[in-house]
Amino acid sequence: MWNTLVRTVALLAPKDRRRGAHLLVLVVLMAMSETFGIAMLLPFFMVLSRPQMIEIQPAISAIYHGLGFTDHHSFLLVFGLVAFAVVVLAAVIRIATTFMMNLFAQKSGHRMAERLLETYLRQPYVFFLQRHSSELTKKITADSQMLVSYVVQPGMYVIAYTLVVITMTGVMLALDPFVALSVGGVIGGMYVLIFRASKRMLARIGQELDVANNQRFSSIEVAIGGIKDIKLMGREDVYLDQFRPASLRAARHQAISAALAESPRYLIEAVAIGGALTLALLLLATGRGTALVLPGLSVYALAGYKLIPSAQRVFSGLSNLQVGDSVLNAIRDDFAQTVPPQPRSTTLVEAMQPAREIVLRDVGFSYPNMRKTAIEGITLSIGVGTSVGLIGGTGAGKTTLVDIILGLLRPSEGAIIVDGVPIDESNLQSWQQALGYVPQSIFLADTTVAENIALGVRKDSIDMAKVEECARMAQIHDFVLSDMSDAYETRVGERGVRLSGGQRQRIGIARALYRDPSVLVLDEATSALDTLTEKAVMESVQALSHQKTIIMIAHRLTTVRPCDTIFMLDKGRLVEQGSYDELLATSRKFKAMV
Ligand SMILES: Nc1ncnc2c1ncn2[C@@H]1O[C@H](COP(=O)(O)OP(=O)(O)OP(=O)(O)O)[C@@H](O)[C@H]1O
Ligand SMILES: [Mg+2]
């Protein structure tokens, strides 16, 4: 458990660690004030039951005479009032501490979620090819909340109430060592035994809870993400059946762990009441007489009132920590396995301006966990201001090559060299600023057409004239004006569900143009357009060439026909290059494709 706390502290952001330390001071104050408030009640009851105590007990006697009391009644009255005031003060401190502890726990959960999202977002693109988005969503939402309720909050309760237990035991030892030791021994011993017995089970519950949560999130993602296919095939039940047991298991595990953490209390309360009876009889048997028994019993009552609930909180805190251990580890591993987020420079990076040529020298790449290389030994040169076409069968490596040019994937071998300068970490951002990209499948956000074209630009900084100009080039302007209810202010629906495939593609093209890139990369960007619209789009894009460098992937050879150079890939290798007419005259492979 100590281990878990140390790992939790290590995981917290430095700011949270500092806040936690401040909070600890308040926690110590709380433990002390609670103990002190109760400690005042005991002498009160002692005096009440045996007024001679005033004379016998040196401390009480000193206060009695020092403050000039003359009768026992008024002394007891004032004594009682002071004790009450201290108890009230202790309660106020406790309310404040509880509030602060909760605030701290929730805020550290919030910061954990924020740090996780930031860490993920700053990972290289390959990271996302290996991880499930539902797993990341789960970590950011469910796990950071689990961390709050199963690690941070219980951790603080354990620290706070261990202190209360220690100080209370101290006071009890001072008042009546015999009662204190027997009570402490029995209660402590029972809690230790129960904890030992349930420890493994709690840890297993923690692990299974994590697995169940993963399953829940992934079945939701698949079901809702693939709703069209699922509806058509009538497979809703399959996903419900996947979700139900996982969700049920998570619920059951949470219930069991909560019950395991709470139930010893009832057992111990029962034992405590039995103990009170036994103790009363025992004390009487030692011949102390009723008046002497009462103080001993009040120490016992104190234990029942404060020590047992505090010990219970320590116990349930420890139980929760045991469950939370696997979430803690999962999050810790994620931080350990990811590159710490390097904040991108906040100043705008100037876009690179390629002047002569973009060269790929001996570029190779293999995806993680794949034995085959996706592309291999590719050397080619793209003149600035020219347009090139990338062709080849499906799976030939076209998208991979383009992702490398875009700097999303780092080549395993070779390099991209722009005007003699290799692209590396230092100039990657500047290179990417020069690029416009239309991917094979366009992502649309559920915002307006204008915001989608100017993706990532704050709404009030969108240049509407430019949005329209780009939409015109992409042949979507007329459609937006005539068919969309609010023109550029129309919302497109989640992932653009309210648009056709071709409309989405043209918005994607307009988006790439909005950045006014010097290099435009199109991956099957016109595949969903009819030949006439494609021709119009390509004419306006070609009209840009000789100002811009254009790299386009296409399956239809007519699309790449006007390109200055066509590169043909096959099984990850560059097999042919030349203009359309040259290839038609010289290449058998090319001719076969026509
Ligand atoms: N994320 C990935 N992880 C592992 N392998 C991948 C990944 N993406 C692609 N591949 C593999 O790399 C090879 C090249 O894929 P790529 O997507 O570059 O082909 P492509 O030429 O663009 O095909 P298409 O015309 O179908 O889009 C394929 O064999 C594919 O299986
Ligand atoms: Mg592709």
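**Two domains and a ligand in a predicted model**

Biologist: What is the area buried between domain 1 and domain 2?

Modeller: About 480 Å² is buried between domain 1 and domain 2, and carbon and sulfur atoms give 68% of that area; buried area here is the accessible area (1.4 Å probe) that two parts lose on being put together, summed over both. This is a predicted model, in which local features need pLDDT of at least 70 and side-chain atom pairs count only at pLDDT 80 or more, whereas totals for chains, interfaces and linings use all residues. Residues are numbered from 1 along each chain as its sequence is written, chains are lettered from A and ligands numbered from 1 in the order in which they are written, and side-chain values use heavy atoms, with hydrogens and water left out.

Biologist: Which three residues of domain 1 supply 73% of the area it buries against domain 2?

Modeller: They are Tyr125, Val126 and Gln130, which supply more than any other three residues.

Biologist: And where are the domains?

Modeller: Domain 1 covers 2-337 and domain 2 covers 357-593, with bounds from an automatic or database domain assignment, and their centres, taken over C-alpha atoms, are 57 Å apart. The contact (heavy atoms within 4.5 Å) takes 5 residues from domain 1 and 7 residues from domain 2.

Biologist: How many salt bridges cross that interface?

Modeller: The rule, a side-chain nitrogen of Lys or Arg within 4 Å of a carboxyl oxygen of Asp or Glu, finds 0 salt bridges across the interface of domain 1 and domain 2, although the structure holds 21 salt bridges. One salt bridge joins aspartate 325 and arginine 7, with the closest N and O atoms 3.0 Å apart.

Biologist: Switching to ligand 1, which residues come nearest?

Modeller: Thr394, Gly395, Lys398, Thr399 and Thr400 come nearest, out of 14 residues around ligand 1, where near means that a heavy atom of the residue lies within 4 Å.

Biologist: What about distances to the oxygen atoms of ligand 1?

Modeller: A side-chain N or O atom of lysine 398 is 2.8 Å from an oxygen atom of ligand 1, a backbone N or O atom of glycine 397 lies 2.9 Å from an oxygen atom of ligand 1, and a polar backbone atom of alanine 396 is 3.2 Å from an oxygen atom of ligand 1.

Note on methods:
Polar contact = N/O pair within 3.5 Å; in protein donor to acceptor, adjacent residues only side chain to side chain.
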